[in-house]
Every structure is written in C-alpha cells, then in structure tokens.
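Dear colleague,

Please find below the structure that I am handing over to you, together with its sequence. I would be grateful if you would look through it alongside the notes that come after it.

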2 protein chains.
Amino acid sequence: MAKRVTINDVAQAAGVSRQTVTRAINDMGEINEQTKQRVLEACQKLGYRPSRFARNLVVRKKTRAMGYLVASFRNPYFTEIAGDLLNAAAERGWHVVIASTETEEEPNALDMLSGQVDVFIGHFMQNDEDLARASGGIPLVMLERPSSLPGMHSVEVDIREGVREAIQALRAKGARRIGMIDSSYSLRASPTYAPSPRRGYFEELVGGESAGMVVVGEESMAGGGRAFAELVATYPDMDAVLAFNDLMAIGAVQASHALGIEVPRQVKICGFDGLTLGEAVHPTLTTVSIDRHALVSGALDIADALAAADFGVLPSMRRTVRPHMLWRESA
Amino acid sequence: MAKRVTINDVAQAAGVSRQTVTRAINDMGEINEQTKQRVLEACQKLGYRPSRFARNLVVRKKTRAMGYLVASFRNPYFTEIAGDLLNAAAERGWHVVIASTETEEEPNALDMLSGQVDVFIGHFMQNDEDLARASGGIPLVMLERPSSLPGMHSVEVDIREGVREAIQALRAKGARRIGMIDSSYSLRASPTYAPSPRRGYFEELVGGESAGMVVVGEESMAGGGRAFAELVATYPDMDAVLAFNDLMAIGAVQASHALGIEVPRQVKICGFDGLTLGEAVHPTLTTVSIDRHALVSGALDIADALAAADFGVLPSMRRTVRPHMLWRESA
DNA sequence: CTGTTAGCGCTTTCAT
DNA sequence: ATGAAAGCGCTAACAG
C-alpha cells in the first residue's frame, strides 16, 4: 500500500507551505487566487485526501457520533427504528455508525466501534456486566430494557400495560380462550429458553383457564406460523392469540389461510409492535403499537444530555414509552 | 461544557507519565499491577475518555470507514441490502456510517459524512456532476446505476435481462395482455416524471398490444394497490402485471382481494426485487429477484480495491449482477 | 517496570 | 498574501 499523501506532499508539490494548502482546500480567503488554483491542482494530481482524524483532532467543533447496534435486519421493527433514529439523529447533529449484531456477537460489535463513537444505543441482549466490560467505558442507552449500572441508561416500554390492554380488548371483543405465541429469542443469549417478559405479563394477566396456552417459536414469520398451527392443534377451542411481535403474528395470519381458519371470525390475532407491514397481510393486523418515534426521541434526549456532560459517567437516566392498541382487521 | 479530560490530566492525577496511562488503559503489560489500578481509578474518577481521533491518528492500522446512504427505510429492499452490507463489511474490517436520504437531500448527507468516511456507497438519485461536487473528492460506489466520471464506480443490475425473463415467463404461463406498474420515484430528483429504465425495457420488450398498458404510482404498497386498481379498470382484459418492485406488487396483491380478483387465475402478478416479504402475502409473490448478496459483494470488492490504492482517484470500476426469476404463487 | 522523546496530519495563532 | 511555530491527544520507540 502506497504511503499516504499528506498535506506536506501537496505543499511541496505546489511550492507553498502547509498553511497555504489548508487555506486553499478550506476556502479560507487570504490567499491569492492563482496560488489557490495551483494548490488545488496539486491536490488533484496527487490524489490528496485530508485525514479525517487529524482534522477532527484539531478542530474545535467536536463531531458527535453514536453507535447503533441493530439486533436484526430481518425484523422490520428494528429497521423502522433505525430509519427513525437516523433521521432524528441527523437533525440533532449526530453521526450514526451502525453495526449489526445479527452475525456478530454484541461484545465484539461494541469493541469494534468503541474507538469510533461517543455513545452506544441498541436493543442489547447481554447482561449489564458484560456490556459494561465490552463498551470500554462508553455510555450505553438501552432500548426496551431497564438499566441499573451507572453509565447505562434506558428507554423502556411499558410492556405490561400493552399486554393488559390487548387482553382486555380481546375480551371485550368476545374472546374467552386466549393463547400466546412467545419468542425463543432468549436462546441467543443463553443456552436455555427463558420466558420473555411479554409471556410473563401475559400469564400474570390473562388469568384462569387461558394461563397455560403458550407456545414458543422462532422469531420470524415462519416461526410464528408454526407456533400458530401448534397452538390451534393443541387448543381447538382457542378463539384469540396474542403474538410476541408483529412478525410472528403475520406468520400466524398466513398460517390461518393454510389451516382454513377464518380470522378474526374463528380466531382473533393480535400482534405487538405496530409495524406498517401489518397492512400487507389479509386481513390486516391488529396490534399493540409501540411508539417508535417516542422511543428514538427518548434515546436521543439521553444522548444529548450525555454530550452536554462531555460523556462522563452519569447516574442512570430513564424514560418510559407507553404502547397503545392499533385496531385493524385481525381482531 | 467542561474542558475535555485528557490523558495528561489522568497522568497528573495518578502521578505517572502519559505513557504509563496508555499502558494501563490499553492493557499493554510492562506495568506494575498496582500502578495500573491506580491509573484506572484515576480514569474512573475523572471520567476520562480517550479521544478516538487522536488515537486513530497515531495508530498504524488504519480504520476504514464507508458511508452508506440509504434511500428509504420504508422499502425492505434497501434495509435488506443494508443488513447484508453491514454484515459483509464487518467481515472485511470496514466500519459503516449510515445516513438516510429519506428526509435529507443527498448532497447534504454526503457533505455531512465527507469528513468521516473513505468511500460512499448508495443508490444515488442526483446526477453525476452534483454528486462529484458534494462528495468532496471521496470516491463513490453507485448501486444499480452506471458510473461515468473517474472516481465514481458502480455495481449495475441487468434490469433489461430481468424484465425480458419476466415477460417471457409470464407469456409461457399463458399471459397475453401484460400491464405494468411503474414508480414515480423520478419525481424525487426532478420536477417531472421520467419513465424508469424498467418501464423502458418493458415497453421495448413486451411488444404489440400490451405496449401502452402502463400506470404510474407512488412507490409504496398503497401506491401499488391504487395503480393496480387503475390498471384493472382501464384494461379489463389484462391477464398479467409486472410491477416496478415488490413493495408495489404486494400492494397489488392486497388490492386484488378488495377487487375480488383471483391471483394468479385471473391476473398474474410479478414483482421485482425478490424480497423475503413476498412470502407474507397470500398468494406469495412471484418476482424477479436481485441477488443482494452479489450486489453488496461487488460494492465491497470495489471498496477494497480503492482502499488498496489508498482511496486515490481511480478510473471507473464496474460490476454487473444478473437478476433471476423467483417462482412463488402469484404468477 | 517507567519515563522521555518523537512524531501522526492537520489547523490555529502569530509573525512577516 | 504567505510562512513559522505551536499545539490538538495519543502511542511507538527508545531509553533508563
């Protein structure tokens, strides 16, 4: 690899000093138009690219960058959040460096980016201690999960309230036997399945005869479809299903076609997340919607607060977002 | 805003030299365990964060960063590519800084990132000259669009071949009157609608009586649905539709339910892109699939070549990806 | 084990 | 209008 072309090379080639080169390339005035042209030509000829590090090191206005870890690009929930985050972050003057934790382990991803960013944001799966270790002291904003350690902040979603509202609404529409599809995502972080908080709240709130009607599936459309089939086969009198998320719920709606089950007449299906995608299925998906805009704003508020404190270690900040029912056709 | 805590402050607080601080925080050995602890405590107490710029400036192994401009987070086509790109880029040791051009103008986005990255990748809409100006001399890899200027490279998709294959396949399945749904996306870059290349190839290849059966719609599910309805109303004998992309095609499939049209018996619907999402609709979507993996690999190959040349201005490099039919149920 | 000396590549004084 | 000097904050290469 050829040695990097620096400002000195350009200066030499143009027969001027480095400062003059700076003036030329940064459009600073106080420079003869001819020399400027000469310098610019030299830049062109040598293929000179200023080092972004050297420049940022010396320049006053600090560029703030956040690292966003995307759990999955296969679930539109995360990509919709990514889109909202990017737009909102740009508005507030943040750069966003993104890494996927789909193929990479969280600690690795954090480690890779720890030299590049001032704060991390993401839906993290690892436990607090591992994250603290891997983040290299960079503050973390956790999405949909409470924080405890200092330097770790969070924007939570009141899942319990969402589950409560969904069950209540399903009941109000006549459902008597409500089943649930849970995600096996916990297997990504630990070797054994652990019930999701959503399942926990479901079992706590649904009460009585429905309590045990839970099936676990892979977190995808196909997984949701299989889980739905299993649920229907196991509990023939089931008349409503709450899915872990919209992706799985959409899979369930798809599966209902194959099984000859009419939705919502025979079985009502309710998702969780509020994806636009829920409009792609037939019937369109009724769901517990999470306000992604509020989630992202909350995270950015925290990031701004951290920036104002020069990214020191601050006590945990917390925000909470309340989900709400989004009525469409499937329930 | 408090003055930044530097390595010097820590050194002073711990009563050691900067070098010793470096050893402590970077786990370098050759340091007394006690001093190390003392230094680490000082870091903790002062809330010291090493400057990523200073560090990167001095460290040999250059971190390479690419800026990826995402045209839309509402079309899974782009987010699927983003996911593939992130994974593949991480594997090859690239950082990816992402900006959305959904709300931001392309030149602005380029400008924002031009100090942060070594190469740009994206589905660009602006003309070459404007891009060259806005990119500040940083090389560009254009996706699905030919490059011409030096310093601008491209990974193209053989759209014509895809359209040809689709028409031929539709014909082979008995279609006689084929319509097309085009996207109005060109309106984003210029004030008047311009036919997309896909439309151009369609009209060139479909021949005869079908040639004029094109309707333009907004690039979304809803837009595809409306366009489909218009197409059906205008050409009652139409028996197949090629959509601009899968998002619009899915909208068309959705609309078919509302219109009481049986797919594929009465009308065959074929999308373009090959989204996983095409499995969410009923019937599942037959489509011309673009190999996103190849697209991304091609772009990264070019990026690596540029990196090897230290991001100098190289003559245009080009790759081409061929699409292929993905048979599902809607055609 | 620890400190000193040199820079990395750039921009900012301040002279001239 | 241009140049010389002085750093930005950090680490590599030597000393000791």
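The notes below take the protein interface, then each DNA strand, and lastly the record for chain A. Please bear in mind throughout that this is a predicted model.

**The interface between chain B and chain A**

Chain B and chain A each bring 53 residues to their contact. The area buried between the two chains comes to about 4,600 Å², and carbon and sulfur atoms give 58% of that area. Three residues deserve particular notice here: B:Arg49, B:Arg52 and B:Phe53 together supply 14% of the area that chain B buries against chain A, more than any other three residues.

As to specific interactions, 14 residue pairs are in polar contact between chain B and chain A, counting pairs with both residues at pLDDT 80 or more. On the side of chain B that touches chain A, at least two residues each come from α4 (52-58), α5 (76-91), β2 (94-100), α6 (106-113), α11 (246-259) and α12 (292-308). Of the elements on this side, β2(B) gives the most, with seven residues. Sorted by class, the side of chain B that touches chain A holds 27 nonpolar, 16 polar and 10 charged residues.

Two salt bridges are found across the interface. In a salt bridge between B:Arg52 and A:Asp118, the side chains meet at 2.9 Å, N to O. B:Arg52 is thus also one of the three residues named above for their share of the buried area.

**DNA strand D**

There are 28 residues around DNA strand D, and those that come nearest are A:Gln19, A:Arg23, B:Ile7, B:Gln19 and B:Tyr48. Of the atoms of this strand that come within 4 Å of the protein, 54% belong to sugar and phosphate.

Phosphate oxygens of strand D are approached from both chains. In chain A, an N or O atom in the side chain of A:Thr35 is 2.9 Å from a phosphate oxygen. In chain B, a polar side-chain atom of B:Arg55 lies 2.7 Å from a phosphate oxygen, while B:Ser51 uses a backbone N or O atom, at 3.0 Å. Two or more residues of the surface near strand D come from each of α2 (18-25) and α4 (52-58) of chain A, and from each of α2 (18-25) and α4 of chain B. This surface is made up of 11 nonpolar, 10 polar and seven charged residues.

**DNA strand C**

Around DNA strand C there are 26 residues, of which A:Ile7, A:Tyr48, B:Thr20, B:Arg23 and B:Asn32 come nearest. Sugar or phosphate accounts for 60% of the strand C atoms within 4 Å of the protein, and bases for the rest.

Contacts to bases include one from A:Arg18, where an N or O atom of the side chain is 2.7 Å from a base nitrogen. For B:Arg18, the side chain likewise places an N or O atom 2.9 Å from a base nitrogen of strand C. A polar backbone atom of B:Ser17, by contrast, is 3.0 Å from a phosphate oxygen. The surface near strand C draws at least two residues from each of α2 and α4 of chain A and α2 and α4 of chain B. Its residues divide into 10 nonpolar, 10 polar and six charged.

**The record for chain A**

An unreviewed UniProt entry annotates residues 5-59 of chain A as "domain: HTH lacI-type". Over that stretch the chain is 67% helix and 0% strand, and its end C-alpha atoms are 20 Å apart.

With kind regards

Definitions and conventions:
Residues are numbered from 1 along each chain as its sequence is written. Chains are lettered from A and ligands numbered from 1 in the order in which they are written. This is a predicted model: local features need pLDDT of at least 70, side-chain atom pairs count only at pLDDT 80 or more; totals for chains, interfaces and linings use all residues. Side-chain values use heavy atoms; hydrogens and water are left out. Contact means heavy atoms within 4.5 Å. Buried area is the accessible area (1.4 Å probe) that two parts lose on being put together, summed over both. A salt bridge is a side-chain nitrogen of Lys or Arg within 4 Å of a carboxyl oxygen of Asp or Glu. A polar contact is a pair of N or O atoms within 3.5 Å; within protein, one must be able to donate a hydrogen and the other to accept it, and residues adjacent in sequence count only if both atoms are side-chain atoms. Helices (H or I, at least four residues) and strands (E, at least two) are DSSP runs, numbered from the N terminus. Ala, Val, Leu, Ile, Met, Phe, Trp, Tyr, Cys and Pro count as nonpolar, Asp, Glu, Lys and Arg as charged, and the others, Gly among them, as polar. A residue is near a molecule or strand if one of its heavy atoms lies within 4 Å of it. UniProt positions are given in the numbering used here, feature names are shortened, and annotations may be inferred rather than shown by experiment.
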